[in-house]
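Visitor: I would like a close look at a single part of this structure, taken slowly and with the details kept together.

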Amino acid sequence: MQMHDPESRLSRMKELIRVRRDTSDLRSGELRWLESPPGTLAFSRGDVAHIANLTDDAVTIGFEESWDLVHSVGGRVTRVDGEFTLFPRCGAILKRSMAN
């Protein structure tokens, strides 16, 4: 059943594996911690960033640099005016915006 459902956990993990395989900055490079609110983690590696909301509440994270959403895991992530809102217990992979 999950194999044919694009929103299933299996399909989302397959997509995450594909994104990781196709993006060298997800596999190697110097890690740089990014400023983020309490209860969140944010770091970049090359032109890719990871953000995670570890809390039970939605959290908005803004960055000095411009990033585009590549993939989200565990919940909904929205972007408005360069800020990302992560719903509880979810994370995202971002790629540096080409507009920089």
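Visitor: In which sense do strand β3 and strand β8 pair, and over how many bridges? Please follow that part outward into its surroundings.

Guide: In this predicted model, strand β3, which covers residues 48-53, and strand β8, which covers residues 90-96, pair in the antiparallel sense over 6 bridges. One position that helps to fix the register is I51, whose bridge partner in β8 is A92.

The two strands belong to an open sheet of 5 strands with antiparallel pairing, in the order β1-β2-β3-β8-β5. The edges of this sheet are taken by β1 (31-33) and β5 (67-73), and because each of these has a single partner strand, one side of each is left without a neighbour in the sheet. On average, and with direction ignored, neighbouring strands of the sheet are turned by 25 degrees against each other.

From the pairing one can move to the interior, where the largest nonpolar core has 14 residues, and where I51, F63, F84, L86 and L94 are the ones that touch the most other members. Two or more residues of this core come from each of β3, β4 (59-62), β7 (83-86) and β8, and β8 gives the most, with 3 residues. I51 itself has contacts that reach well along the sequence: leaving aside residues up to four places away, I51 touches L41, A42, I61, F63, F84, L86, C90, G91, A92 and L94. A general tendency may be recalled here: in soluble globular proteins, nonpolar side chains tend to be buried together.

C90, which is found in strand β8, deserves a separate word, since its relative accessibility is 4% and it therefore counts as buried, the limit being under 20%. With residues up to four places away again not counted, C90 touches I51, A52 and N53 as well as V73, G74, G75, R76 and V77. As for V77, it is 13 residues from C90 in sequence, while the C-alpha atoms of the two are 7.8 Å apart in space.

On the β1 and β2 part of the sheet, the count of aromatic pairs comes to 1, and this pair is formed by W33 and F43 in an edge-to-face arrangement, with 5.6 Å centre to centre and 70 degrees between the planes. W33 lies in strand β1 and F43 in strand β2 (residues 40-45), 10 residues apart, so that the pair links distant parts of the chain. The two partners are set apart by their accessibility: W33, at 57%, counts as exposed, whereas F43, at 18%, counts as buried.

Note on methods: Residues are numbered from 1 along each chain as its sequence is written. This is a predicted model: local features need pLDDT of at least 70, side-chain atom pairs count only at pLDDT 80 or more; totals for chains, interfaces and linings use all residues. Side-chain values use heavy atoms; hydrogens and water are left out. Two strands pair if DSSP finds at least two bridges between them. Helices (H or I, at least four residues) and strands (E, at least two) are DSSP runs, numbered from the N terminus. Axes are lines fitted to C-alpha atoms, for helices over the stretch in contact, and angles run from 0 to 180 degrees between N-to-C directions. Buried means under 20% relative accessible area, exposed over 50%, partly exposed in between (1.4 Å probe, protein chains only). Contact means heavy atoms within 4.5 Å. A nonpolar core is a set of buried Ala, Val, Leu, Ile, Met, Phe, Trp, Tyr and Cys residues joined through side-chain atoms within 4.5 Å. Rings of Phe, Tyr and Trp (its six-membered ring) pair if their centres lie within 6.5 Å; planes under 30 degrees apart count as stacked, over 60 as edge-to-face and the rest as tilted.
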